[in-house]
Amino acid sequence: MGDNNYAKELDVAVRVVHMACSLCQRVQEGLVSSTSNDHVKSKDDDSLVTVADWSVQATVSLMLSESFSNQKVSIVAEEDVQTLSKSDSVGLLTAVVNTVNECLAEAPKYGFQSPKEALGTSQILEAISRCNSTGGRNGRHWVLDPVDGTLGFVRGDQYAVALALIEEGKVVIGVLGCPNYPQKKEWLNHHHHHQSYQSMPKMSDTSDTWEKGCVLYAQKGSGEAWMQPLIHGNKKHTWSSSAQRVLVSAIDDPALATFCEPVEKANTNHSFTAGVAHSMGLKCVKKDFSLKALAQGVDKRKQPLRVHSMVKYAAIARGDAEIFMKFAQSGYKEKIWDHAAGVIIVEEAGGVVTDAGGHPLDFSRGLYLEGLDRGIVACSGTTLHEKLIGSVYASWESSNL
């Protein structure tokens, strides 16, 4: 297949991510409306994230297999079916089966076929367990992170559904669904008093103008990245009418740049990241994209952009931020599904993503970004990127991490 011949793959991937975002919103509404807790007797919020994770994985697996029935579909995904098959997961499994069937009933809205009858447990477990590829440099592999940013999901805040296609070790398509990231920047301040998801307008009572989420996508070598509003209500998915091109920010002065700070404490070396920012003269103009901050109409150039998940890549591709750095603590290995879709979207929107040594990320080595030099650096352009890599080297020398 030639480089520009991914039209069908991109079309299917975008539609399936729209469908997955809708599924996540449905589960999330179950999470926050205390009345409908028959879905999962929530001992903990984790169980709902688990339901969303597995339901998205099953749905994406089923739709890709249906759409590409003439080829063996290889899917690399985060969730492992073993835990779901255990006897103590019966409640979760029932919720997953119900959630997937509810979602599949709406498949025609996204241009897919609904099954003739509801799928049973074994069919859904089989769809999940088909996602067992380990990737690599040969052939084509779909790479899925069903719910990236579980903490954001549980809090009704930022999270992403990420799907990418890797062919012969290179990412060729990336799609990023961001259900709580407003399509229009003006909406960022539209949440007046909505302190949390509970008080957000529900899907059912919104007008079509409430375009709260977006889907970003790009194809390698096209030099273009695109954004669509999430589909709400009974609208069918249409391509052309709603897509708009996104471009990275033109800011190349570190003093004016907005710097994304990872929220996740666990796998991140925060002190080193802060050191690099300081040495670069980044005023660490930071932003907060949590819905709570958006609600309060935060002056967006005075706050840290503390974002869960791959929404950071979306922020850079859309020009809402300029820099994102992630330096893992030693021993932590970055997984391909946490980066593949975001990286290609940023690159095609005009940005640069490398490791801390300035080398491209290598997606051909299996489940992990092997050979990664210290961390990941994403920028809106080459000028900032060069300064940033320089600061990384300077900080590294002085910190001797």
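Trainee: Among contacts between residues at least 6 apart in sequence, what share joins residues at least 24 apart?
Mentor: A contact here means heavy atoms within 4.5 Å. Count those in the protein chain between residues at least 6 apart in sequence. The share that joins residues at least 24 apart is 73%.

Trainee: What kind of model is this, and what pLDDT do local features need?
Mentor: This is a predicted model, in which side-chain atom pairs count only at pLDDT 80 or more, totals for chains, interfaces and linings use all residues, and local features need pLDDT of at least 70. Residues are numbered from 1 along each chain as its sequence is written, and side-chain values use heavy atoms, leaving out hydrogens and water.

Trainee: What pLDDT does the protein chain average?
Mentor: pLDDT is the predictor's confidence in each residue, from 0 to 100. In this chain, 73% of the residues score at least 70. The average is 80.

Trainee: Over which residues does pLDDT stay under 50?
Mentor: Where pLDDT is low, the predicted coordinates should not be read in detail. One stretch has eleven contacts beyond four places in sequence in the model, and that is residues 34–43. Another has 52 such contacts, and that is residues 186–210.

Trainee: How many helices and strands are in the protein chain?
Mentor: Both are DSSP runs, numbered from the N terminus: helices are H or I with at least four residues, strands are E with at least two. The chain has eleven helices and 13 strands.

Trainee: What percentage of the 401 residues is buried?
Mentor: Buried means under 20% relative accessible area, exposed over 50%, and partly exposed in between, with a 1.4 Å probe and protein chains only. By that rule, the buried share of the 401 residues is 58%.

Trainee: Which two residues touch the most other members of the largest nonpolar core?
Mentor: A nonpolar core is a set of buried Ala, Val, Leu, Ile, Met, Phe, Trp, Tyr and Cys residues joined through side-chain atoms within 4.5 Å. The largest one has 63 residues. The two that touch the most other members are Trp142 and Val175.

Trainee: Which helix gives the largest share of this core?
Mentor: The share is twelve residues. They come from helix 1 (residues 7–32).

Trainee: How many residues are in the other core?
Mentor: This core lies apart from the largest one. Its members include Ala225, Met227, Trp337 and Ala341. Its size is 42 residues.

Trainee: Is His18 buried or exposed, and which side chain does it join in a polar contact?
Mentor: His18 sits in helix 1. Its relative accessibility is 2%, so His18 counts as buried. A polar contact is a pair of N or O atoms within 3.5 Å; within protein, one must be able to donate a hydrogen and the other to accept it, and residues adjacent in sequence count only if both atoms are side-chain atoms. At 2.7 Å, the side chain of His18 meets that of Gln228.

Trainee: Why does the end-to-end distance of helix 4 agree with its length?
Mentor: Helix 4 (residues 90–105) has 16 residues, at 1.5 Å a residue. The expected span is 1.5 Å times one less than the number of residues. That gives 22 Å, which agrees because the end C-alpha atoms are 23 Å apart.

Trainee: How many residues of helix 10 are buried?
Mentor: Helix 10 (residues 340–348) is mostly covered. Its buried residues include Ala341, Val343 and Glu348. The count is eight of nine.

Trainee: Which residue with positive phi follows helix 10?
Mentor: Its phi is near 110°. The residue is Gly350.

Trainee: Which backbone oxygen does the side chain of Arg245 reach?
Mentor: Arg245 lies in strand 7 (residues 244–246). It is partly exposed, because its relative accessible area is 42%. Beyond four places in sequence, Arg245 touches Gly223, Glu224, Ala225 and Trp226. At 2.9 Å, its side chain reaches the backbone oxygen of Gly223.

Trainee: Is Arg374 buried or exposed?
Mentor: Arg374 lies in the loop between strand 12 (352–355) and strand 13 (375–379). Its phi is positive, near 65°, in a residue other than glycine. Its relative accessibility is 19%, so Arg374 counts as buried.
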